[in-house]
Amino acid sequence: MDFGSTLKSLRKQAGLTQAQLGQQIGVTKSVISFYELRERTPSPEVLVKLSAVFHCSTDYLLGIERE
């Protein structure tokens, strides 16, 4: 699974909209949409924030780890 698909899946499992997730990590809804559509790649800082929100490793978000 690629980063965009993983992010979208985790976001939906958490019951968050793109806007809500963006607000939690300090980016706009559009940026979350770009990540999910693979039009942008998140910075290392954003990856760390996302891993904190979803309680997973950055390696999981990037598809390096499966669990």
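Right after helix α3 comes Arg38, and its phi is positive, near 65°. Helices here are DSSP runs of H or I with at least four residues, strands are E runs of at least two, and both are numbered from the N terminus. Before going further, a word on the source: this is a predicted model, where local features need pLDDT of at least 70, side-chain atom pairs count only at pLDDT 80 or more, and totals for chains, interfaces and linings use all residues. Residues are numbered from 1 along each chain as its sequence is written, and side-chain values use heavy atoms, with hydrogens and water left out.

Let's stay with Arg38 for a moment. Its side chain meets that of Asp2 in a salt bridge, at 2.7 Å from N to O; the term asks for a side-chain nitrogen of Lys or Arg within 4 Å of a carboxyl oxygen of Asp or Glu. Asp2 sits in the segment before α1 (3-13) and Arg38 in the loop between α3 (29-36) and α4 (44-54), so the pair ties together parts that are 36 residues apart in sequence. Arg38 counts as exposed at 60% relative accessibility, while Asp2 is partly exposed with a relative accessible area of 25%. The cut-offs, with a 1.4 Å probe and protein chains only, are under 20% for buried and over 50% for exposed, with partly exposed in between.

How many salt bridges does a search of the whole structure find? It finds two. The other one joins the side chains of Glu36 and Arg11, at 2.5 Å from N to O. This pair also links distant parts of the chain, with Glu36 in helix α3 and Arg11 in helix α1, 25 residues apart. Both of these residues are buried. As general background, side chains of opposite charge can pair when their charged atoms come close.

Now for the rest of α3. Its buried residues are Val31, Ile32, Ser33, Tyr35 and Glu36, and they pack against α1, α2 (18-25) and α4. Contact here means heavy atoms within 4.5 Å. Lys29 is in α3 too, but it counts as partly exposed, at 48% relative accessibility. Leaving out residues up to four places away in sequence, Lys29 touches Gln18 and Ala19. From Lys29 to Leu62 is 33 residues in sequence and 20 Å in space, C-alpha to C-alpha.

Over in helix α1 you'll find Thr6, which counts as buried at 3% relative accessibility. With the same four-place exclusion, Thr6 touches Met1, Tyr60 and Leu61.

Time to zoom out. The chain has five helices and zero strands, running α-α-α-α-α from the N terminus on. Its radius of gyration is 10 Å, close to the 11 Å that the globule rule gives for 67 residues, so the chain is as compact as a globular protein of that length. That radius is taken over C-alpha atoms, and the rule is 2.2 Å times the number of residues to the power 0.38. Along its principal axes, the C-alpha trace spans about 25 × 20 × 20 Å.

Of the 67 residues, 36% count as buried. Among contacts between residues at least 6 apart in sequence, 51% join residues at least 24 apart.
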